[in-house]
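Trainee: Please take a close look with me at one part of this structure, the charged side chains and their surroundings. I would like to hear where they sit and how they pair up.

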Amino acid sequence: MDLENKWIMAIKEDELPEGEKRALLLEGNKVLLLKKEGVFFAMSNKCPHMECPLSKGTLDQYVITCPCHDWRFDVRTGEFLDAKEIMVPTYETKVTDGSVFVNMITEVEGAGE
């Protein structure tokens with residue numbers, strides 16, 4: 001199985017102020033989009049513990065804290081700061097012509113065979 005890029009337009013670049021976060025539904029996936037120091041970050045909006053919405057948590061620098069049980073994740077990598085083996089899926093972002101795109105990578109059956 002190969003992976004295929006699947007860029008989805010999320011929002012206009014100027015719709016998300018610096019230091020803010022926004023919950024989005026992209027292709028049926030709950031995604032949290034954040035903007036820190038002019039860079040957009042995208043990750044799953046579900047905490048792996050009990051699927052609480054990370055968008056309702058607090059953002060301090062590059063750390064989002066889950067509102068349910070205070071689990072802390074690095075928004076750049078998705079890494080749980082207290083147990084590095086636990087991760088929240090993250091997605092690549094890019095800005096093109098004033099729009100923010102999120103790469104919702106998909107698996108392609110039989111590609112390259």
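Mentor: Start with the whole chain. A compact globule of 113 residues would have a radius of gyration near 13 Å, and the protein chain has 14 Å, so the two agree. Keep in mind that this is a predicted model. The C-alpha trace spans about 45 × 35 × 20 Å along its principal axes. The chain holds twelve strands and zero helices, so every element in the order from the N terminus is a β. Of the 113 residues, 36% count as buried. Among contacts with a separation of 6 or more, 42% join residues that are 24 or more positions apart. The chain exposes about 6700 Å², and carbon and sulfur atoms supply 46% of that area.

Now the charges. The protein chain carries 21 negative side chains and 13 positive ones. The centres of these two sets lie 6 Å apart. To count as a salt bridge, a side-chain nitrogen of Lys or Arg must lie within 4 Å of a carboxyl oxygen of Asp or Glu. By that rule there are five salt bridges.

One of them joins K6 and E27, with N and O 2.8 Å apart. The pair links distant parts of the chain, since K6 and E27 are 21 residues apart. K6 lies in the loop between strand 1 (2–4) and strand 2 (7–12), while E27 lies in the loop between strand 3 (21–26) and strand 4 (29–36). K6 has a relative accessible area of 30%; because this falls between the cut-offs of 20% and 50%, K6 counts as partly exposed. E27 has a second point to note, in its backbone: its phi is near 55°, a positive value in a residue other than glycine. Most residues other than glycine have a negative phi.

Look next at N5, which is found in the loop between strand 1 and strand 2. N5 is exposed, at a relative accessible area of 51%. That is over the 50% cut-off, so N5 falls in the exposed class. The C-alpha atoms of N5 and E27 are 14 Å apart, with their positions 22 residues apart along the chain. Leaving aside neighbours within four places in sequence, N5 is in contact with N103 and I105. On the other side of the E27 loop, consider L25, which has its place in strand 3. L25 is exposed, with a relative accessible area of 60%. Its C-alpha atom is 11 Å from that of M104, a residue 79 positions away along the chain.

Another salt bridge is formed by D82 and R72, whose closest N and O atoms are 3.1 Å apart. This pair also links distant parts of the chain, and the two residues are ten residues apart. R72 belongs to strand 8 (72–74), and D82 sits in the loop between strand 8 and strand 9 (90–91). The two partners differ in exposure. D82 has a relative accessible area of 52%, so D82 is exposed. R72, at 32%, is partly exposed.

R76 and D74 also meet in a salt bridge, at 2.9 Å from N to O. Is D74 buried or exposed? D74 is buried, because its relative accessible area of 12% is under the 20% cut-off. Its partner R76 is partly exposed, at 45%. The D74 and R76 pair therefore joins a buried acidic side chain to a partly exposed basic one.

Just before strand 8 comes another acidic residue. D70 is found in the loop between strand 7 (63–65) and strand 8. Its relative accessible area is 55%, so D70 counts as exposed. The phi of D70 is near 65°, again a positive value in a residue other than glycine.

One uncharged residue completes the tour. M50 lies in the loop between strand 5 (39–44) and strand 6 (58–60). With 54% relative accessibility, M50 counts as exposed. The C-alpha atoms of M50 and H69 are separated by 9.0 Å, although 19 residues separate the two along the chain.

To put the charged pairs side by side: K6 with E27 is at 2.8 Å, R76 with D74 at 2.9 Å, and D82 with R72 at 3.1 Å.

Conventions. Residues are numbered from 1 along each chain as its sequence is written. This is a predicted model: local features need pLDDT of at least 70, side-chain atom pairs count only at pLDDT 80 or more; totals for chains, interfaces and linings use all residues. Side-chain values use heavy atoms; hydrogens and water are left out. Helices (H or I, at least four residues) and strands (E, at least two) are DSSP runs, numbered from the N terminus. The radius of gyration is taken over C-alpha atoms; the globule rule is 2.2 Å times the number of residues to the power 0.38. Buried means under 20% relative accessible area, exposed over 50%, partly exposed in between (1.4 Å probe, protein chains only). Contact means heavy atoms within 4.5 Å. Accessible areas come from the Shrake-Rupley method with a 1.4 Å probe; for residues, only the protein chains shown count as cover. Lys and Arg count as positive and Asp and Glu as negative; His and the chain ends are not counted. The place of a charge is taken as NZ of Lys, CZ of Arg, CG of Asp or CD of Glu.
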